[in-house]
Structures are given as C-alpha cells and as structure tokens.
Amino acid sequence: MNRLIATVGLPRSLLFYKYRVLWATFFEQLDVATVESPPSNRAILERGIDLAVDETCLPLKMFLGHVETLRDKVDHILVPRVVTLTKRETACVKFWASFDVARNVIEGVDLIEYNVDVANGIHERDELCRLGRRFVDDKRRVRRAYDVAHAAYREHAHRIAGEQDAILDRPGAKVLVVGHGYNLHDELLGKPLIRILEQQGVHVVCSELADTHLARKLAARISTDIPWTYNKELLGSVELYRERVDGIVFLVTFPCGPDSLMTELCMRRLKDVPAITIVLDELQGEAGLKTRLESFVDLLKAGKRAGGGAA
Amino acid sequence: MKAYLGVDVGSISTKAVVADGDGQVLARSYLWTEGNPLRAVKRVLSELAEQVDAAHPDARVVAVGATGSARELIGAVLGAQVVKNEITAHAVGTLSRHADVRTIFEIGGQDSKIIIVRDGVPVDYAMNTLCAAGTGSFLSSQARRLDVPVEEFGDYALRSKKPTKIAGRCTVFAESDLVHKAQIGHPVEDIIAGLCNAIVGNYLNNVGKGKEILAPIVFQGGVSKNVGVVKSFEDATGEEVYVDDDGHLMGALGVALVARDEGVESLFDFAVRDVKFETVGEECGGCPNDCEVVLVLRDGEFIDGWGNRCARGMERVRTHLASSVESAVP
C-alpha cells in the first residue's frame with residue numbers, strides 16, 4: 001500500500017546544499033515524498049534568467065530556474081525563509097527573499113516555507129514542526145521526525161568533515177576551494193572548476209563542508225567584521241585549512257556583495273598562501289577559467305618544488 | 001643539433017620560435033592571427049622552415065609546445081608534446097632571458113596579466129577579468145578615434161609636456177572623455193600621453209592591485225612596443241622597465257623550453273603545413289546543456305576534440321559526423 005500522503009519538491013539550489021539531509025529525512029519520517037530538481041544545466045539557468053530581474057545574483061537566477069523545473073511535478077515546493085541564525089549575525093538577503101520572489105514570479109506552484117529568525121525568537125525546530133503538522137496532525141510524531149532529521153543532518157555534516165580531513169592527509173598538492181555550497185557543488189558553476197583542478201592532479205578540499213561550529217569560532221581570527229553567517233563559516237574554513245593546503249581558490253558568483261567583501265579581506269590578510277579569485281557570471285565560457293586554474297596549479301607546483309612545502 | 005618548436009597563438013597575433021637546447025632562438029615568426037589560427041600556424045611554419053633551412057640546416061625539431069588561447073587546437077594539429085597555458089609559458093620564457101626578474105608586466109590585445117617572480121620561481125599572478133580596459137584593444141580603439149596610427153602612439157606621447165588626464169576606467173567613458181578633452185582644445189600629443197597614463201593607471205589598479213611590484217621589471221606583450229606606455233610605467237613605478245626586443249616571443253620561447261624539459265622527443269616535420277586540417281563545430285543536443293563540441297580532422301580523420309562536458313557529447317558528435325562530413329573552415 002502506498003502510504004505517501006504528498007510530494008514536496010526540493011529545488012537543487014541555494015540552501016538545498018546545506019539542508020538536503022535535514023529536509024529529506026524530515027519528510028521521509030512523515031511519509032511525505034520528496035522530489036529533487038535535476039542537477040543544474042544550461043536550460044535551467046536560462047529559465048531562471050528569464051524569470052529574474054536583470055540585477056539579481058546568479059545563484060538566485062539558478063534557484064528560480066530550479067523552482068520552475070519542479071512545477072507540475074510535485075504538490076508543494078519547499079523554500080525556507082532564513083533571516084538570522086544567531087543573535088548578532090544575519091543571512092544574505094536573498095535567503096530572506098527567495099520564498100517571496102519565487103511566489104511572485106512563478107505562477108501555479110504551491111510554495112511552502114518555514115522561517116528562521118533566531119534574533120527574533122523564531123527557531124528552525126518550531127517552524128519545521130509547524131510545517132510538518134500541515135501533513136501530519138500529530139504534534140509528538142512531527143517533533144520526533146524533526147529530532148531524527150536533525151540528528152541525521154549533524155551526522156552527515158560530521159561525516160563530510162571527516163572526509164575532508166582524510167583528503168588533507170593525502171600526499172600531493174591540495175587546494176582549498178572557498179565558496180558557498182550552492183556554487184561549489186552546482187553542476188554548471190562549481191563542478192567544472194573542481195573537475196579542472198582535479199585534472200591538474202591536485203586534491204580539492206571544499207570550504208562549505210567544514211565543521212561549521214568550529215569554523216565559525218575560527219572566523220574571528222581573520223575578521224570579526226563579517227555580519228553574514230554563511231560567510232563566517234567560509235572564513236572559518238579558510239582559517240581551519242589554510243596551513244594544510246598549498247593554495248586557495250575563491251569561487252564567487254557575480255555580483256555577490258558578501259563574497260566580494262570576504263574575498264578581498266582574505267586576499268589582503270592571507271599573505272602566506274597563494275590564492276586566486278574566480279568570478280563566475282551567466283555568460284561564463286570555460287576557456288578563461290581553464291587558463292587561470294592551470295596557471296595557478298603550475299605556480300603551486302613550482303612553489304612546492306622550490307620550497308618543498310606550501311609556498 | 002636538437003631544436004624545439006614553440007607556438008603561441010593568441011587572439012590577435014601568432015608567434016613561433018625554433019630554439020636550441022640552450023634557449024637561443026634560431027628562427028622566429030610573428031604575424032596576425034586574423035581570426036584563423038590554423039592558417040596562421042601554417043604561415044608561421046613556412047617562415048620558420050625557410051629560416052631554419054637557410055641558417056641552421058642541421059637543426060632537427062624534436063619537441064613541440066603550444067600555448068595561447070588556441071593552444072588546444074594547435075597542439076592537436078602539431079602533435080605537440082606540451083600544451084601549456086600562456087602564463088606559465090611567459091614566465092618560463094622570460095626567466096630564460098632575465099633570470100633575476102621579479103615582476104613581469106604583460107599587456108596583450110585582449111588581456112593583461114602580471115606575474116610576480118621571487119628567486120626564479122613564479123609565486124603569484126593576476127589577469128584582467130570581464131573587461132578589456134587596460135589592454136591593447138583599448139589603445140587601438142582610441143587610436144581609431146583620434147585617427148593616429150597606433151604604431152605612432154609612442155612617439156606622440158613622448159612629445160607631450162603636459163599629459164591630459166583621461167578617465168581610463170572604462171573604454172566607453174574614456175572615449176567620451178577623450179572627445180571632450182579634444183573639443184576643449186587639448187593638443188593630440190597630450191591626449192595620447194594621457195591615454196598611456198590611463199592604461200598604466202588602469203593596469204596597476206586592477207591587475208596589479210595588492211601585488212608587490214619589485215624591480216627588475218620586464219614588460220612584454222604587444223603594448224610593450226609602445227614607448228609612451230613604457231615611460232608611463234617607469235613614471236608610475238619609479239623603476240626602470242625593461243622591454244626585450246623578443247618580448248612578444250616569450251610565450252613561444254617559454255613553451256618550447258617546457259617541451260624541451262618534458263623529455264619526450266619525436267621528430268617534427270615542417271611538412272605538416274601541407275596537410276589539410278579542418279575543424280567542425282556542432283551542438284551536441286544530447287541534454288539541455290547543449291555543449292558546443294569542436295572536432296579537429298586531419299585529412300578527414302578525427303584527431304582530437306573538446307568542448308563536451310561529458311564523454312557522451314564527443315561520441316554523439318563523432319557518430320553524427322561520420323554520417324555527414326562538412327567543413328567549417330575554408
């Protein structure tokens with residue numbers, strides 16, 4: 001017998017890369033099926049560009065394309081509204097706005113949301129449970145579902161951090177790629193960059209997958225002036241890994257304000273590790289990308305030969 | 001005598017050298033790419049073959065390197081042992097001539113870069129992004145506007161006593177600023193000197209931003225032939241800026257030396273210039289990415305291809321090609 005009571009679409013973009021396990025486990029516990037949009041491709045991006053205002057940032061355009069892709073395939077589409085995750089920090093405004101933007105530009109889809117605004121006393125657990133009760137009218141069961149989902153999410157994060165550590169212990173050149181998960185792991189944005197680096201024979205460590213609690217504490221060693229939570233985590237990962245890698249690549253999508261501030265800050269303060277910034281935009285060709293990454297890797301290898309270790 | 005061929009096919013010009021084992025240039029060629037890298041390479045090969053035959057008939061080319069934006073295509077056509085990005089190639093080439101260099105400025109037709117070298121090892125570099133301001137194309141578009149041949153820019157600039165201030169941040173704004181300055185009576189040599197200062201200011205503020213620029217400085221790329229820009233660089237850095245007569249060949253020389261050091265040798269035959277090469281471009285259509293796949297054919301036979309994001313793309317296009325061969329290059 002099919003026990004599934006509804007299907008919820010998860011757009012493969014933005015916070016999906018952070019909370020995929022949390023969401024999938026939570027709905028699974030409630031017998032709600034989840035459907036993920038396919039990995040990004042040119043057509044999804046084109047659809048997003050058509051839907052978005054020109055000045056919108058590239059990841060948000062990609063997000064709109066993914067939401068549109070799920071239309072007619074699911075009963076609901078989940079888009080959280082994340083404003084603050086701690087008392088004194090904030091999330092980038094696109095996470096405040098993505099739900100409302102999608103609701104206003106994409107017709108004929110039923111978007112469902114949960115809010116996180118810790119500074120104003122609105123917490124993930126209460127909000128996801130409120131959402132869960134739309135599907136299952138049983139407070140205790142929903143709360144249990146959340147606890148299971150959250151535990152799975154934490155376990156997943158720790159496993160990833162462990163995998164990162166294993167990469168760092170390998171011999172050979174290692175490069176830390178710093179960027180948001182929705183950029184790094186996107187099939188069209190970050191994946192080609194990571195593939196080029198791997199073709200050059202270096203091990204790639206990703207910033208997003210770091211142990212986030214530790215990373216946030218470490219961020220303060222580089223700067224206490226970054227107000228955006230997710231960027232703080234990236235900054236922390238730089239501090240966490242920089243002595244164990246041979247170089248750092250900052251992956252930024254145009255025209256991200258928080259990322260450009262963070263990147264500039266790192267470039268000025270981290271003089272002991274070679275670093276480059278790669279800015280992706282919607283018109284990106286792979287040719288320039290390859291030249292930049294190849295020469296960066298050549299430089300790291302030359303430094304390794306000359307100095308014996310991280311240049 | 002063993003010799004090494006290096007070919008640097010850029011967006012604007014194609015450069016090639018034959019060098020001996022010590023990095024001495026035995027033959028050199030430099031001409032416009034004219035949007036057709038295959039033809040340009042055949043022409044440089046003809047020139048090199050003539051020079052080698054005349055002056056060094058005992059030279060045998062045993063390794064080939066390709067660099068520049070058409071490096072993959074040309075590498076495939078020449079069967080190159082090494083296909084290297086132009087930044088590494090330039091650094092290696094320059095270091096072979098100026099072992100003590102610590103900063104390399106390079107301004108080409110469409111891009112500009114800076115390479116920082118310490119103790120003979122490149123340690124940092126930067127390239128222009130998303131914008132052609134501060135490159136050779138900026139100067140040539142302003143030259144057209146002023147109706148002064150770009151080759152004469154340097155001499156004009158040196159005659160100027162009071163360079164005009166030109167807003168050089170953006171080619172479009174620079175042009176309107178330049179027109180305005182001309183309309184209110186600034187002499188043309190002052191405007192040209194101002195343009196040279198603008199390109200240097202732009203370069204140092206963008207590409208050179210945050211980099212520690214230490215002497216000795218070597219300046220290369222097409223724009224280094226402009227004495228006005230060289231002088232502006234010297235004024236701005238307070239250091240002497242060296243321009244090598246062979247500065248434009250450093251990428252080609254560098255990649256020839258990388259090929260030498262690769263240690264894989266096979267005899268290269270200049271007769272390859274008489275072989276018919278074609279490229280075929282096609283959109284794969286296998287998935288929504290619609291990759292533009294390029295295939296290189298030697299006498300109709302597939303030798304290499306790229307542009308596909310996955311292995312399926314190459315197979316699809318090759319299979320399709322087998323059923324309908326059509327050439328994209330005259």
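Reader: In β4(B), which residue is the bridge partner of B:V7?
Author: This is a predicted model. Seven bridges join β1(B) to strand β4 (residues 60-67) of chain B, and the two run parallel. In that pairing with β4(B), B:V7 has as its bridge partner B:A66.

Reader: Which residue of β2(B) does B:V9 stand opposite?
Author: Strand β2 covers residues 13-20 of chain B. It pairs with β1(B) in the antiparallel sense, over seven bridges. Across from B:V9 in β2(B) stands B:T14.

Reader: Through how many residues does the hairpin join β1(B) to β2(B)?
Author: Strands of a sheet pair through backbone hydrogen bonds, either parallel or antiparallel. Here β1(B) and β2(B) pair in the antiparallel sense. The hairpin between β1(B) and β2(B) runs through three residues.

Reader: Is strand β1 of chain B mostly covered or mostly open, and how many of its residues are buried?
Author: Buried means 20 or more other C-beta atoms within 10 Å of the residue's own. Strand β1 spans residues 2-9 of chain B and is mostly covered. Of its eight residues, the number buried is seven.

Reader: Which strands stand at the edges of the five-stranded open sheet in chain B?
Author: The order is β8-β7-β6-β9-β10 (chain B), with mixed pairing. The two edge strands each have a single partner strand, so one side of each is left without a neighbour in the sheet. They are β8 (121-127) and β10 (241-242) of chain B.

Reader: Which residue in β10(B) does B:I217 stand opposite?
Author: Strand β9 covers residues 217-220 of chain B. It pairs with β10(B) in the parallel sense, over two bridges. Opposite B:I217 in β10(B) is B:V241.

Reader: What angle does the direction of helix α3 of chain B make with that of β7(B)?
Author: Helix α3 (residues 86-97) of chain B packs on the sheet. It touches β6 (103-107), β7 (112-118), β8 and β9 of chain B. Its direction and that of β7(B) make an angle of about 50°.

Reader: Which helix gives the largest share of the side of domain 1 of chain B that touches domain 3 of chain B?
Author: The domain assignment gives domain 1 of chain B as 2-95 + 251-273 and domain 3 as 277-323. Their centres, taken over C-alpha atoms, are 26 Å apart. The contact takes five residues from domain 1 of chain B and six residues from domain 3. Four residues on the domain 1 side come from one helix, α2 (residues 71-78) of chain B.

Reader: In chain A, which element gives the largest share of the side of domain 1 that touches domain 2?
Author: The assignment for chain A gives domain 1 (6-154) and domain 2 (170-307). Their contact takes 21 residues from domain 1 of chain A and 20 residues from domain 2. On the domain 1 side, the elements giving two or more residues are α1 (16-29), α2 (42-51) and α3 (58-70) of chain A. The largest share, four residues, comes from α3(A).

Reader: How is α9(A) set relative to α10(A)?
Author: Helix α9 covers residues 212-222 of chain A, and helix α10 covers residues 229-241 of chain A. Their axes come within 6 Å and cross at roughly 80°. That crossing angle is why α9(A) counts, relative to α10(A), as roughly perpendicular.

Reader: By class, how many residues of the contact of α9(A) with α10(A) are charged?
Author: Among the contact residues are A:R216 and A:K217 of α9(A), and A:K232 and A:E233 of α10(A). Eight residues of this contact are nonpolar and three are polar. The number of charged residues is six.

How values were computed. Residues numbered from 1 in each chain as written. Chains lettered and ligands numbered in written order. Predicted model: local features only at pLDDT ≥ 70, side-chain atom pairs only at ≥ 80, totals over all residues. Axes fitted to C-alpha atoms, helices over the stretch in contact; angles between N-to-C directions. Parallel < 35°, antiparallel > 145°, perpendicular 65-115°, else oblique. Contact = placed C-beta atoms within 7 Å. Nonpolar A, V, L, I, M, F, W, Y, C, P; charged D, E, K, R; others polar. Domains from an automatic or database assignment. Pairing = 2+ DSSP bridges. Buried ≥ 20, exposed ≤ 12 C-beta atoms within 10 Å, placed from the backbone.
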